[in-house]
Amino acid sequence: MNASSGDLKIGAVVIGRNEGERLKRCLRSLNGQVAGLVYVDSGSDDGSVEFATTLGVAVAVLDTQIPFTAARARNAGFERLMQTWPDLGFVQFVDGDCEVDAAWLEIASGVLTRQDVLAVVFGRRRERHPQASIYNTLCDIEWDTPLGESASCGGDALMRVSAFKAMRGYDPSLIAGEEPEMCVHMRRAGWKIQRIDAEMTLHDANMTRFSQWWKRTLRAGHAYAEGASLHGASPERHWVKEVRSNWLWGLSVPTMLLAVLLQPISAILLLIYPLQMWRIYRNADARRTAYERKLFAVFCVLAKLPLMLGQMKFVWNAWAGKRSGLIEYK
């Protein structure tokens, strides 16, 4: 495609760490499709930097003495992009485990060009192997967000350079949830975020173990708590509802189990969990198969415990004045 939309050129920032073949697919899907391409590496030892260099991609290697975060990596990539290609109008952020659809940039940049109020456009992110594990299936369901105006985007998105500059980028201290946090600022400034009906990226979660799902969900709980601490008191009430739900359902598990130990008849209280699963199943997206809706319902309820523990991790570290480290599931 043409690497510009009208007079506005498109650049891209890819971030990664030891993504191997996934990164190769990602860079190849963008190489030649954009006016400027930067790969930001966070301490890889699998030859990622060397491969990017062979493609002629500009590379930024993060200082390993400073804690890694995706937000920090994206900011570094954007800075390098602006230094080398200062006339860009749009920037596509992509995680290194994703492959960009061939038609995406032309479609998305066209939408941004026609609607000046939009700061961010994102489309359908799909799992490359959704049937490889139940955890990959859950990811594919998670990526299928509603069409239209949205409160936030994920890691893959096309953004207006002027809007990103006005926000001064992502908060580099956040270990997760940096995209929704920045979107709060964008919406306050009058910008809008939109999910459009177009294929965007193929993601390779490569989650095959329960422990991976647990760590990823724990990280999400941490992000909810930190996001609510930053913006929960604002009119947006950012993630306050989610945090309260996680505390309620997550803390109920150990509380009810203790009650059962003390008074076996209390086991009847545990019926509230299958009832909640049934409610979620009944209200799940009708486009999904019955199996997918059941899977989604069961894991929505199971997730409350690691989500709550992730929130506890944030609260404990905040109280102790400690910085939370990355929670990686790969």
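Is Tyr329 buried or exposed, and what is its relative accessibility? In this predicted model, Tyr329 has a relative accessibility of 11%, so Tyr329 counts as buried, the cut-off being under 20%. Let's start from there and walk through the structure.

## Around Tyr329 and Asp97

Tyr329 sits in the segment that comes after H12. Once the neighbours within four places in sequence are set aside, the contacts of Tyr329 are His203, Ala205, Met207, Gln212, Lys215, Arg216 and Arg219. Between Tyr329 and Trp213 the C-alpha to C-alpha distance is 7.3 Å, although 116 residues separate them in sequence.

Lys330 makes a salt bridge with Asp97, with 2.7 Å between the closest N and O atoms. Because Lys330 belongs to the segment after helix H12 (304–320) and Asp97 to the loop between strand E5 (88–95) and strand E6 (98–100), this pair ties together parts of the chain that lie 233 residues apart in sequence. The two partners differ in their cover: Lys330 is partly exposed at a relative accessible area of 41%, whereas Asp97 is buried at 9%. Leaving out neighbours within four places in sequence, Asp97 is in contact with Glu19, Arg22, Leu202, His203, Asp204 and Lys330. His203 therefore turns up in the contact lists of both Tyr329 and Asp97, where contact means heavy atoms within 4.5 Å.

## Salt bridges across the chain

Side chains of opposite charge can pair when their charged atoms come close. Counting a side-chain nitrogen of Lys or Arg within 4 Å of a carboxyl oxygen of Asp or Glu, the model has 25 salt bridges. Here are some of them, with the closest N and O atoms of each pair.

| Salt bridge | N to O distance |
|---|---|
| Arg74 and Glu178 | 2.5 Å |
| Lys330 and Asp97 | 2.7 Å |
| Asp144 and Arg287 | 3.2 Å |

Arg74 and Glu178 form a salt bridge at 2.5 Å, N to O. This pair links distant parts of the chain, since Arg74 is in helix H3 (residues 70–84) and Glu178 in helix H7 (residues 178–188), 104 residues apart. Arg74 and Glu178 are both buried.

Asp144 and Arg287 also form a salt bridge, with their closest N and O atoms 3.2 Å apart. Asp144 is in the loop between H5 and strand E8 (148–150), and Arg287 is in the loop between H10 and H11, so the pair ties together parts 143 residues apart in sequence. Asp144 is buried, with a relative accessible area of 19%, while Arg287 counts as exposed at 62%. Both belong to a network of salt bridges that links Arg124, Asp140, Asp144, Arg195, Asp285, Arg287, Arg288 and Glu292.

## How the helices pack

What is the crossing angle between the axes of helix H5 and helix H11? The axes of H5 (residues 134–143) and H11 (residues 290–302) come within 10 Å and cross at roughly 95°, which means that H5 is roughly perpendicular to H11. On the H5 side the contact is made by Ile134, Tyr135, Thr137, Leu138 and Ile141, and on the H11 side by Tyr291, Glu292, Leu295, Phe296 and Phe299. Glu292 is also listed in the salt-bridge network.

Helix H7, where Glu178 is found, is mostly covered, with eight of its eleven residues buried. These are Glu178, Glu179, Pro180, Glu181, Met182, Cys183, Val184 and Met186. They pack against H3, strand E7 (118–127), strand E9 (157–160), helix H6 (161–166), strand E10 (192–203) and helix H8 (210–231). Following H7 comes Gly190, with a positive phi near 100°.

## Backbone and surface details

Most residues other than glycine have a negative phi. Arg237 has a positive phi near 50° without being a glycine, and Trp239, also not a glycine, has a positive phi of about 65°. Arg237 lies in the loop between H8 and H9, and so does Trp239. Arg237 is partly exposed at 39% relative accessibility, while Trp239 is buried at 17%.

On the surface, Ile268, Leu269, Leu271 and Leu275 form a nonpolar patch that has about 420 Å² of accessible area together. One of them, Leu271, is in the loop between helix H9 (240–262) and helix H10 (272–283) and counts as partly exposed at 48% relative accessibility.

Technical notes: Residues numbered from 1 in each chain as written. Predicted model: local features only at pLDDT ≥ 70, side-chain atom pairs only at ≥ 80, totals over all residues. Heavy atoms only, no water. Patch = residues over 30% accessible without salt bridge, like charges linked within 9 Å, V, L, I, M, F, W, Y side chains within 5 Å. Areas by Shrake-Rupley, 256 points an atom, 1.4 Å probe, with all protein chains shown as cover. Helix = DSSP H or I, 4+ residues; strand = E, 2+ residues; numbered from the N terminus. Buried < 20%, exposed > 50% of the residue type's maximum accessible area, 1.4 Å probe, protein only. Axes fitted to C-alpha atoms, helices over the stretch in contact; angles between N-to-C directions. Parallel < 35°, antiparallel > 145°, perpendicular 65-115°, else oblique.
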